[in-house]
Amino acid sequence: MKRERNAKAGTEAKSQLKINVASKTIQCKVCFQTFMCTSKVPELTLHADNKHSKSLLECFPEYKENEAKSDNKTNAKVSGKK
């Protein structure tokens with residue numbers, strides 16, 4: 001009985017995969033790899049250094065130096081480093 005009622009309601013399972021794909025808004029301009037919008041500067045810098053031996057701004061020109069510096073300070077405070 002309950003299954004029949006739920007089937008009539010037309011509820012579908014929501015896929016997290018579609019949401020994850022839509023949130024990949026940061027893209028490397030060298031290799032076009034995408035990153036989630038919540039990615040921080042250290043992760044992007046690591047990609048630029050290891051994959052391309054380039055700076056953050058060469059791979060991700062949409063990041064300004066001021067944003068990169070402020071994100072690094074924020075991450076240092078969170079991790080307990082000064």
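**Exercise 1. Where is Phe-32 found, relative to β1 and β2?**

Solution. Before starting, note that this is a predicted model, in which local features need pLDDT of at least 70 and side-chain atom pairs count only at pLDDT 80 or more, whereas totals for chains, interfaces and linings use all residues. Residues are numbered from 1 along each chain as its sequence is written, and side-chain values use heavy atoms, with hydrogens and water left out.

Step 1: Phe-32 is found in the loop between β1 and β2, where helices (H or I, at least four residues) and strands (E, at least two) are DSSP runs numbered from the N terminus.

Step 2: Phe-32 is exposed, its relative accessible area being 52%; here buried means under 20% relative accessible area, exposed over 50%, and partly exposed in between, with a 1.4 Å probe and protein chains only.

Step 3: the phi of Phe-32 is near 65°, which is a positive value in a residue other than glycine.

**Exercise 2. Describe the order of elements and the overall burial of the protein chain.**

Solution. Step 1: the protein chain has five helices and two strands, and from the N terminus on they follow the order α-α-β-β-α-α-α.

Step 2: of its 82 residues, 18% count as buried, while the chain exposes about 6,900 Å², of which carbon and sulfur atoms supply 53%; these areas come from the Shrake-Rupley method with a 1.4 Å probe, and for residues only the protein chains shown count as cover.

Step 3: among the contacts (heavy atoms within 4.5 Å) with a separation of 6 or more, 36% are between residues 24 or more positions apart.

**Exercise 3. Classify the one aromatic pair of the structure and locate its two partners.**

Solution. Step 1: rings of Phe, Tyr and Trp (its six-membered ring) pair if their centres lie within 6.5 Å, and planes under 30 degrees apart count as stacked, over 60 as edge-to-face and the rest as tilted.

Step 2: the structure holds one such pair; the ring centres of Phe-35 and Phe-60 are 5.6 Å apart and their planes stand at 75°, so the pair is edge-to-face.

Step 3: the pair links distant parts of the chain, with Phe-35 in strand β2 (residues 34–35) and Phe-60, 25 residues apart from it, in the loop between α4 (56–59) and α5 (65–79).

Step 4: both partners are buried, Phe-35 at 8% relative accessibility and Phe-60 at 0%.

**Exercise 4. Which residues make up the largest nonpolar core, and which helix supplies its largest share?**

Solution. Step 1: a nonpolar core is a set of buried Ala, Val, Leu, Ile, Met, Phe, Trp, Tyr and Cys residues joined through side-chain atoms within 4.5 Å.

Step 2: the largest has 10 residues, namely Ile-26, Cys-28, Phe-35, Val-41, Leu-44, Ala-48, Leu-56, Cys-59, Phe-60 and Tyr-63.

Step 3: α3 (41–52) and α4 each supply at least two of these residues, and the largest share, three residues, comes from α3.

Step 4: take Cys-59 as a member of this core; it is placed in helix α4 and is buried at 0% relative accessibility. Leaving out residues up to four places away in sequence, Cys-59 touches Gln-27, Cys-28, Lys-29, Val-30, Ala-48, His-52 and Lys-54.

Step 5: Cys-28, counted in the same way, touches Gln-33, His-47, His-52, Cys-59 and Phe-60.

**Exercise 5. Work out how the buried residues of α3 are arranged around its axis.**

Solution. Step 1: α3 has 12 residues and reaches 16 Å from its first C-alpha to its last, close to the expected 16 Å, a span taken as 1.5 Å times one less than the number of residues.

Step 2: the buried residues in α3 are Val-41, Leu-44, His-47, Ala-48 and His-52. They cover an arc of only 125° around the axis, which puts them on the same side of α3; the arc is that of the directions from the helix axis to the C-beta atoms.

Step 3: the face turned away from this buried side carries the exposed residues Leu-46 and Asn-50.

Step 4: just after α3, Ser-53 takes a positive phi of about 55°; Ser-53 lies in the loop between α3 and α4 and counts as exposed at 67% relative accessibility.
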